[in-house]
There are 2 protein chains.
Amino acid sequence: MPAAKLTLSIDAMGGDNAPDIVIEGLAHAAKDHPGVRFLVHGPKARLEPMLARHPAARAASTLHDVEGIIPMDVKPRQAMRQWKGTSLGNAIASVAAKEADAVVSAGNTGALMAIAMLQLRLVQGIDRPALTASWPTMTGKAVVLDVGANVSANAAQLVEFAIMGEAFHRAVFGSGRPKVGLLNVGSEDEKGHEEIKAAAKLLREANVDLEFAGFIEGDDISKGVVDVVVTDGFTGNIALKTAEGTAKLVSAFLKEALTSSLQSKVGALIASKALRGLKDRMDPRTVNGAVFLGLNGLVVKSHGGTDGKGFAAAVNVAVRMAQSHFRDEVAINLARLTATLAAAQPAPAQEAS
Amino acid sequence: MPAAKLTLSIDAMGGDNAPDIVIEGLAHAAKDHPGVRFLVHGPKARLEPMLARHPAARAASTLHDVEGIIPMDVKPRQAMRQWKGTSLGNAIASVAAKEADAVVSAGNTGALMAIAMLQLRLVQGIDRPALTASWPTMTGKAVVLDVGANVSANAAQLVEFAIMGEAFHRAVFGSGRPKVGLLNVGSEDEKGHEEIKAAAKLLREANVDLEFAGFIEGDDISKGVVDVVVTDGFTGNIALKTAEGTAKLVSAFLKEALTSSLQSKVGALIASKALRGLKDRMDPRTVNGAVFLGLNGLVVKSHGGTDGKGFAAAVNVAVRMAQSHFRDEVAINLARLTATLAAAQPAPAQEAS
């Protein structure tokens, strides 16, 4: 797909190894997406010579000189007071000013969310924003949200997450009609807490146009039972990090096993190509790029510890989102939810089916 | 440790492949724990010939004839009304009547918990029971609770879980002074919802004698950062099942990689001993035996789909728990918590440190 006239705003100074990994990422991205422009926010004197080594990225970039940075350990409240004159703050400001279609940063997540909320504001009809992560499964890729923008979510907010996540899956993974599941402790209707039961009822009875598959359990995520996993930010964050930890544990056990004897080392050497393939498949960089949904502007968060290849993956997510009709499609489904909620206001929800 | 005079009550008919796996499990357990007696609840005419094939198990067992069973798909409410005359119900009744020190069942989890609550009642000072799972980590084994007895937990209940989980880790894994962590979305003090913050404050300020390590994140579980992971049953159930799903996903990817070419197959064959070792290490049967804590009697739930070896692991957990001072130690720490909560009743909690 051509990506003409797309402009991305880049925080050059966010992340553990910025600006190096950011510039390397842009070098990859410039090749992958010819025609996309980058507004690169950071100290010009430092970035100029780095960019000079990557002519394609250099040609696609406009440097916006700014000295300040948001430290990785600053608290969101503090970040909101001092964002002006920082690479992160100015990168978001470019989206707020409609100079760019999306912003990509590997910086402090809490600060990014707080400054983005402040500058971009919530989309009308959205009550809470959500952080969305991509998750490899047996059958492809699922998206999980919220993975940490909030610590709780009520029924209507969970339905908003479902609407945004479903449109996200179509935009980023090009699926036709993704299946949506609510993460719960059992698949039977009577399982779970009140908010999740009410959310399931809303998804079935509100006139929202999406494929709702009901409740799913934790092990269903990796099985690929659904394409979109909806949950509150507390549960989603813990599920995501627990999965990351488990994958690392199994990898460490595998490494130990394959280096435990001379014989196992020989076997591993012979199977090394296949094992490298496995490593690539489990590479967290390939699913890098959590998207902060629900704001008037696209915000993509790269993992802070990623490298150039990982940053390029986050840029790729921003390109696909910006090229899609994500916002229009969310708006249509949101209007349906809002109508249902408004109709339910005076009396208990009517059977709409 | 000698296990003289210990009696376990066994539900012979619970589980997907009962009674076969139960009797096989008892054959293993009778060898591992000479001196332990089994009260085996189930249809005598069917069990008698199976037991006859395992002389050690036969010698250690007393059959309690009962025809009824609790189906795997029955709802807890229904199970509570019809437990009499079932293998599961009668197995629990043996513990209630003090004829046995613990009960082991691979049956329906919801029914097991409901009937156990009804017959054994909560320990005085415990507000909610908790289901406890063992979790392999980089450094050994952690216990995680609650993994699904309840769908929520307030601050005091989380502290009760901490007290029970800590004593459980010492009882089952023989650790000296296990570290306890609260599962959260960040390690900083201001992260998370109100109940978890209040629980952290209680664990620091109440005069409870345990090693509290503060908040941990999802990926810290597998790292082995703490020995006891405390969380509500909704989050814990989802974290546990998400980890199981992820481990299966990685194993499936590994298998695909190692069978992807002739060369990788040869490598895998040469490294087969090491790969078998990895498989054993990840074998869910080795951590089988979730314990339902907080009742006046020990209740061990085996995975429904396990085999004889897995059932024996659950029996092993029951033996270790029954041999330990678990209940006395929990009672001591509970009394401290109760005193702190009582002191905090009229006014906000006093600084106790």
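This note sets out points on helix packing, the sheet of chain B and the contact between the chains.

1. The structure is a predicted model, in which local features need pLDDT of at least 70 and side-chain atom pairs count only at pLDDT 80 or more, while totals for chains, interfaces and linings use all residues. Residues are numbered from 1 along each chain as its sequence is written, chains are lettered from A and ligands numbered from 1 in the order in which they are written, and side-chain values use heavy atoms, with hydrogens and water left out.

2. In chain B, an open sheet of 11 strands (E runs in DSSP of at least two residues, numbered from the N terminus) follows the order β3-β2-β1-β4-β11-β10-β5-β6-β9-β7-β8, with mixed pairing; two strands pair if DSSP finds at least two bridges between them. The edges are β3 (61-65) and β8 (211-216) of chain B, each with a single partner strand, so one side of each has no neighbour in the sheet. Direction ignored, neighbouring strands are turned by 25° against each other on average.

3. Within this sheet, β6 (residues 141-145) and β9 (residues 228-230) of chain B run parallel and are joined by three bridges. B:Val143 stands opposite B:Val228 in β9(B).

4. Helix α1 (residues 20-32) of chain B packs on the sheet and touches β1 (7-11), β2 (37-42) and β3 of chain B; helices are H or I runs of at least four residues. The direction of α1(B) makes about 175° with that of β2(B), where axes are lines fitted to C-alpha atoms, for helices over the stretch in contact, and angles run from 0 to 180 degrees between N-to-C directions. Helix α8 (residues 194-205) of chain B also packs on the sheet, touching β7 (179-183) and β8 of chain B, and its direction makes about 160° with that of β8(B).

5. In chain A, the axes of helix α1 (residues 20-32) and helix α13 (residues 308-323) come within 7 Å and cross at roughly 60°. That makes α1(A) oblique to α13(A); angles under 35 degrees count as roughly parallel, over 145 as roughly antiparallel, 65 to 115 as roughly perpendicular and the rest as oblique.

6. Between the chains, 53 residues of chain A are in contact (heavy atoms within 4.5 Å) with 53 residues of chain B. The two chains bury about 4500 Å² between them, 75% of it on carbon and sulfur atoms; buried area is the accessible area (1.4 Å probe) that two parts lose on being put together, summed over both. In chain A, A:Phe234, A:Phe253 and A:Ile270 lose the most area to chain B, together 14% of what that side buries.
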